Amino acid sequence: MARSGLAAAARVARWADAALGPGGDSATTDGKATLSDATAERAARHLGLTAAQVRADWDTARLAGLIEVHGDTARPGWRLRAWNRDDSAVLRGWVALCDAWSLAHPEPEEYEPAAVAEVVTAMPQVLSFLQLSAGPVPVPQLLDLLQQRVTELRTERCEIDYAQQTGPLRPALTEPAADAPLEPLLDWALRALASVGALTYGDGQATLTPLGSWAVWVKLEQICVAAQSPAGNIEQGAEDMLRGCGRLRPNAARAEYRAWLAARPVGSAVTELIDAARGEDALLRGLAFEALRVVGAPAEPEVRTVLDEPTLRPYALLWLAEHDGADPEDAHEVLTREESTWLWVDTAAAVADHGEAPLLVRHLESAVQPTVPALLSEVRAVGHPRTVQVLVALAAAHPDPALAKAVRRAAFQVHTGG
């Protein structure tokens, strides 16, 4: 159902990818996301559609994440690239469209913006009621529920009874919203949700479609996952959240990542995690990419953008290899010898800062070099900014006096530039 509902949008997105990408024509003339008249007419001729159909499908493709507009060029979103191989990507695209139902089917201009905002905020509860009903629900019953929820929202904002309040203290902004009839607004909301395939609406009743029921279930699951977060972490920024996860076992940390991600938009969460990875703390770098593994495919475009950053490149290469299906134990094969050595030093820095001495000694076993002298030679050449500190910590922790002396000598040589 999701594929059929988004098929027309996917078709326009593929056309835009071929025709409006780098080196092609501009999507717009003013840098905005709406198609220019010339581009819409060109797409209509090529696809056998009207310009109005092209514009509607273009808007749907943007809302579903099938196409992304950057300046005056368009490029495929990750959901379009995964369209043929990942059913979950198609479903996520439809959920994104469903979430944006009020944009996909804008309200008439005569409706008061404040009243519209109240209805949009209240509709999730209406949808939850439709799911619990598991069948058609009369519109009057939905209207009664909407009125109750809107009243609750107004009460939560302020306990003053605006209907009774008089004089200059009564906020003028609330008067149009309070006076706006909800019945036409509910009609608009139900028609908008029907236009994206979330429900059917007619004969004075509404019924969730299987897709609509699934979308409501997904949202409820996200709320439940978020509620399972240890106190405080879900409210923290990426850095503080990752520091909190550094003390957790892997399974518990992944559960925390899922809760943190469920509480915020995916795009901004990915950006925040990558920014945290750019910091000086090597432990946060590793944990950030573990969290990005929980994100999965939506993180791929931004992970690819950091391949040119030496600090993040080894982590990004491993992430992409695993994302493309490589066994985690074999993913390191995508790294060059130099990248593997850099990653060894970075991981050792995390262990030195946050772990125990025996862990640092055992970390020697993970090096790709067959001997300690070979490792020291390549570590000195790789130019990691924490090389000296790592070698000093390793020398202090290693029980073999001869090996510890060799490591201290290497640290001194790096320190003096020898």
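**Figure 1. The largest nonpolar core of the protein has 63 residues.** Leu66, Trp94, Met123 and Leu146 are the members with the most contacts inside this core. Helix H1 (residues 2-19) is the top contributor, giving 9 residues. Apart from this core lies another one, made of 59 residues, with Ala269, Ala299, Ala350 and Val390 among them. Keep in mind that everything here is a predicted model. As a bit of background, nonpolar side chains tend to be buried together in soluble globular proteins.

**Figure 2. A closer look at Leu66, one of the core residues with the most contacts.** What does Leu66 touch, once its neighbours within four places in sequence are set aside? The list includes Leu6, Ala9, Ala10 and Ala13. It also takes in Ala61, Pro76, Gly77, Arg79, Leu80 and Trp83. Of these, Leu6, Ala9, Ala10 and Ala13 carry numbers that fall in helix H1 (residues 2-19).

**Figure 3. The whole protein, for orientation.** Zooming out for a moment, the protein has 22 helices and 5 strands. It runs to 418 residues, and 43% of them count as buried. Take the contacts with a separation of 6 or more: 62% of them are between residues 24 or more positions apart. The accessible surface adds up to about 21,500 Å², and carbon and sulfur atoms own 53% of that.

**Figure 4. Helix H7 (residues 113-133) bends at Ala122.** The bend is about 35°, and a proline, Pro124, follows within four residues. How far apart are the end C-alpha atoms of H7? They are 30 Å apart, which agrees with the 30 Å that its 21 residues should span at 1.5 Å a residue. The buried residues of H7 are Ala115, Val116, Glu118, Val119, Ala122, Met123, Val126, Leu127 and Leu130. So Ala122, where the helix bends, is on the buried list because its relative accessible area is under 20%. Met123 is on that list too, and it is also one of the residues with the most contacts inside the largest core.

**Figure 5. Arg149 in helix H8 (residues 139-157) is a buried arginine.** Its relative accessible area is 17%, so it falls under the 20% cut-off for buried. Which side chains make polar contacts with the side chain of Arg149? Gln125 is one partner, at 3.4 Å, and Glu152 is another, at 3.1 Å. Leaving out residues up to four places away in sequence, Arg149 touches Ala122, Gln125 and Glu156. Ala122 is the residue where H7 bends, so this view ties in with the previous figure.**Figure 6. Ala134 and Asp203 both have a positive phi.** Most residues other than glycine have a negative phi. Ala134 comes just after H7, in the loop between H7 and strand E3 (137-138). Its phi is near 55°. Is Ala134 buried or exposed? Ala134 is exposed, with a relative accessible area of 69%. Asp203 sits in the loop between strand E4 (199-202) and strand E5 (205-208). Its phi is near 55°, and at 81% relative accessibility Asp203 counts as exposed.

**Figure 7. Ala348 in helix H18 (residues 337-354) is buried.** The relative accessibility of Ala348 is 0%. Not counting residues up to four places away in sequence, Ala348 touches Leu360, His363 and Val390. Val390 is among the residues of the 59-residue core. Ala348 and Gln389 are 41 residues apart along the chain, and their C-alpha atoms are separated by 9.6 Å.

**Figure 8. Glu41 in helix H2 (residues 37-47) is partly exposed.** Its relative accessibility is 41%. How many residues apart in sequence are Glu41 and Ala51? They are 10 residues apart, and 5.4 Å apart in space, C-alpha to C-alpha.

**Figure 9. Helix H13 covers residues 250-262.** Its 13 residues should span 18 Å at 1.5 Å a residue, and the end C-alpha atoms are indeed 18 Å apart. Which residues of H13 are buried? They are Ala253, Glu256, Tyr257, Ala259, Trp260 and Leu261.

Methods
Residues are numbered from 1 along each chain as its sequence is written. This is a predicted model: local features need pLDDT of at least 70, side-chain atom pairs count only at pLDDT 80 or more; totals for chains, interfaces and linings use all residues. Side-chain values use heavy atoms; hydrogens and water are left out. Helices (H or I, at least four residues) and strands (E, at least two) are DSSP runs, numbered from the N terminus. The expected span of a helix is 1.5 Å times one less than its number of residues. Buried means under 20% relative accessible area, exposed over 50%, partly exposed in between (1.4 Å probe, protein chains only). Contact means heavy atoms within 4.5 Å. Accessible areas come from the Shrake-Rupley method with a 1.4 Å probe; for residues, only the protein chains shown count as cover. A polar contact is a pair of N or O atoms within 3.5 Å; within protein, one must be able to donate a hydrogen and the other to accept it, and residues adjacent in sequence count only if both atoms are side-chain atoms. The bend at a residue is the angle between axes fitted to the seven residues ending there and the seven starting there. A nonpolar core is a set of buried Ala, Val, Leu, Ile, Met, Phe, Trp, Tyr and Cys residues joined through side-chain atoms within 4.5 Å.
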